[in-house]
Amino acid sequence: MAIQSPAELKMAELLVEALNLEDIDAKDIDPEEPLFGDGLGLDSIDALEIALAISQEYGLQIKAEDESTREAFATLKSLTHYVDSNKG
């Protein structure tokens with residue numbers, strides 16, 4: 001497992017809280033593991049919950065139709081990078 005950066009840990013904590021992932025410890029989420037499908041096993045409803053939590057926490061509106069959104073939601077690392085690069 002890759003080591004989480006402090007920003008990735010904060011994002012992982014946001015995911016665990018927003019999605020009520022009671023069986024998962026934020027520090028155990030591999031930043032390079034897929035968030036959807038075979039990785040963490042999230043689905044499209046989870047993506048909406050994550051987008052809402054990011055909006056509330058960072059004031060960043062994530063548009064579903066934006067091509068970069070799909071890439072951003074691939075892994076914890078990519079999501080953290082996307083938010084850090086686009087927040088105001």
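Select Leu48 first. Its place is in helix H2. Buried or exposed? Leu48 has a relative accessible area of 58%, so it counts as exposed, the cut-off being over 50%. Now add Glu13 to the selection. Draw a C-alpha to C-alpha distance between Leu48 and Glu13: they are 17 Å apart in space and 35 residues apart in sequence.

Before going on, colour by confidence. This is a predicted model. The chain has an average pLDDT of 93, and 99% of the residues score at least 70. Helix H1, residues 6–19, has the highest confidence, at 97. Helix H3, residues 67–72, has the lowest, at a mean of 88. Where pLDDT is low, predicted coordinates should not be read in detail.

Stay on helix H2 and show all of it, residues 44–58. Pick Ser55, which lies in this helix. Buried or exposed? Ser55 is buried, because its relative accessibility is 18% and the limit for buried is under 20%. Show its surroundings next. Leaving aside residues up to four places away in sequence, Ser55 touches Leu60 and Gln61. Compare the two stops on this helix: Leu48 is exposed, whereas Ser55 is buried.

Move on to the loop between H2 and H3, and select Lys63 there. Lys63 is partly exposed, with a relative accessible area of 47%. Which distance goes with this stop? Take Lys63 to Asn86: C-alpha to C-alpha, the two are 12 Å apart in space, with their positions 23 residues apart in sequence.

Next comes helix H3, where Glu67 lies. Glu67 counts as exposed, because its relative accessibility is 58%. Add His81 and draw another C-alpha to C-alpha distance. Glu67 and His81 are 15 Å apart in space and 14 residues apart in sequence. Remember the colouring here: helix H3 is where confidence is lowest, at a mean of 88.

Go back to the loop between H1 and H2 and select Asn20. Check its backbone angles. What is the phi of Asn20? Its phi is positive, about 50°, although Asn20 is not a glycine. Most residues other than glycine have a negative phi. Turn on the surface as well: Asn20 is exposed, with a relative accessible area of 56%.

Now zoom out to the whole chain. How many helices and strands are there? The chain has four helices and zero strands. From the N terminus on, the order of elements is α-α-α-α. Rotate the C-alpha trace onto its principal axes: it spans about 30 × 25 × 20 Å. The radius of gyration is 12 Å, which agrees with the value near 12 Å for a compact globule of 88 residues.

Switch to contacts. Among those between residues at least 6 apart in sequence, 58% join residues at least 24 apart.

Display the surface of the whole chain. The chain exposes about 5500 Å², and carbon and sulfur atoms supply 48% of that area. Buried residues make up 40% of the 88 residues.

Finish by colouring the charges. The chain has 6 positive and 20 negative charges. How far apart are their mean positions? The mean positions of the two sets are 7 Å apart.

How values were computed. Residues are numbered from 1 along each chain as its sequence is written. This is a predicted model: local features need pLDDT of at least 70, side-chain atom pairs count only at pLDDT 80 or more; totals for chains, interfaces and linings use all residues. Side-chain values use heavy atoms; hydrogens and water are left out. pLDDT is the predictor's confidence in each residue, from 0 to 100. Helices (H or I, at least four residues) and strands (E, at least two) are DSSP runs, numbered from the N terminus. Buried means under 20% relative accessible area, exposed over 50%, partly exposed in between (1.4 Å probe, protein chains only). The radius of gyration is taken over C-alpha atoms; the globule rule is 2.2 Å times the number of residues to the power 0.38. Contact means heavy atoms within 4.5 Å. Accessible areas come from the Shrake-Rupley method with a 1.4 Å probe; for residues, only the protein chains shown count as cover. Lys and Arg count as positive and Asp and Glu as negative; His and the chain ends are not counted. The place of a charge is taken as NZ of Lys, CZ of Arg, CG of Asp or CD of Glu.
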